[in-house]
Amino acid sequence: MSKIERDEVLNYRPGPESELPLDEGEKVLAVFTADKKRYWTDHAVLAVIGAVLISTVLFWLGKPDQVVIASFAVVVGMAARGLYFRSEAFARRWQLTDKRLIGPQGKQVMLLQISGVRSLMGDVQVLTKAGDKHLIRHLADAGPVVREIESAQAARKLVAK
């Protein structure tokens, strides 16, 4: 009889205990965590977009009498989603070191392997030379984070030469 193995995804626990340890002599330059105001603003924007989309579809289907309840359901659903996932979102953090970017769940990106960093609707997307994409979500201000990562990468390139 074959043995059923537990999926590694089920072992995920957000927070510092899920992060890779620092190497000897590695210095943390910055820590990026989710901002509460931004988290709830993102959910409110998604609720409004969802309500507008469902209203448009209902009008197109000829059921305008259902718009109010459907929009209410979308808003309640997004609020419930926000409440359910908030502890996980706020436990995640990204550490920028002088060598790499360390993320939750064992993610890491060596600074010299980053091909691009960009702001994406208030979040920061990190692209690697291998084609991987990492998203640092719900930041209060994405611009300074992009600049910090780019300056750390530039400093690392100077050290590597």
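Student: In which sense do β3 and β4 pair, and over how many bridges?
Tutor: This is a predicted model. Strands of a sheet can pair either parallel or antiparallel. Here β3 covers residues 100–102. Its pairing with β4 is antiparallel, over three bridges.

Student: Which residue stands opposite isoleucine 102?
Tutor: Look across to β4. The residue facing isoleucine 102 there is glutamine 108.

Student: Which strands stand at the edges of the open sheet of four strands, and why is one side of each left without a neighbour?
Tutor: The strand order is β1-β2-β3-β4, with antiparallel pairing. Each edge strand has a single partner, so one side has no neighbour in the sheet. On average, neighbouring strands are turned by 15 degrees against each other, direction ignored. The edge strands are β1 (28–33) and β4 (108–110).

Student: Which helix packs on the sheet, and what angle does its direction make with that of β1?
Tutor: The helix is α3, residues 142–160. It touches β1, β2 and β3. Its direction and that of β1 make an angle of about 150 degrees.

Student: Where does glutamine 105 lie, and what is its phi?
Tutor: Most residues other than glycine have a negative phi. Glutamine 105 is not a glycine, yet its phi is positive. It lies in the loop between β3 and β4. Its phi is about 60 degrees.

Student: Is histidine 138 buried or exposed?
Tutor: Histidine 138 is found in the loop between β7 (133–136) and α3. Its phi is positive too, near 60 degrees. Buried means under 20% relative accessible area. Histidine 138 has 6%, so it counts as buried.

Student: How much accessible area does the nonpolar patch of Val45, Leu46, Ile49 and Leu53 have together?
Tutor: The patch is on the surface. One of its residues, leucine 46, is found in helix α1, residues 36–60. Leucine 46 is partly exposed, at 44% relative accessible area. Together the four residues have about 360 Å².

Student: Which residues does serine 71 touch, not counting residues up to four places away in sequence?
Tutor: Serine 71 lies in helix α2, residues 67–91. With 15% relative accessibility, serine 71 counts as buried. Its contacts are Ala51, Ile54 and Ser55.

Student: With which residue does arginine 100 form a salt bridge at 3.7 Å?
Tutor: Side chains of opposite charge can pair when their charged atoms come close. Arginine 100 lies in β3 and its partner in the segment before β1, so the pair ties together parts 77 residues apart in sequence. Arginine 100 is buried at 4% relative accessibility, while the partner is partly exposed at 39%. That partner is aspartate 23.

Student: Which residues are linked with Asp23 in a network of salt bridges?
Tutor: The structure holds five salt bridges. Asp23 belongs to a network of them. The residues linked with Asp23 are Glu26 and Arg100.

Student: What is the N to O distance between arginine 92 and glutamate 88?
Tutor: Their side chains meet in a salt bridge. Arginine 92 is partly exposed at 31% relative accessibility, and glutamate 88 is partly exposed at 26%. The N to O distance is 2.7 Å.

Student: Which residue meets arginine 137 in a salt bridge?
Tutor: The N to O distance is 3.8 Å. Arginine 137 lies in the loop between β7 and α3 and its partner in β6, so the pair ties together parts 14 residues apart in sequence. Arginine 137 is partly exposed at 41% relative accessibility, whereas the partner is buried at 8%. The partner is aspartate 123.

Technical notes. Residues numbered from 1 in each chain as written. Predicted model: local features only at pLDDT ≥ 70, side-chain atom pairs only at ≥ 80, totals over all residues. Heavy atoms only, no water. Pairing = 2+ DSSP bridges. Helix = DSSP H or I, 4+ residues; strand = E, 2+ residues; numbered from the N terminus. Axes fitted to C-alpha atoms, helices over the stretch in contact; angles between N-to-C directions. Contact = heavy atoms within 4.5 Å. Buried < 20%, exposed > 50% of the residue type's maximum accessible area, 1.4 Å probe, protein only. Patch = residues over 30% accessible without salt bridge, like charges linked within 9 Å, V, L, I, M, F, W, Y side chains within 5 Å. Areas by Shrake-Rupley, 256 points an atom, 1.4 Å probe, with all protein chains shown as cover.
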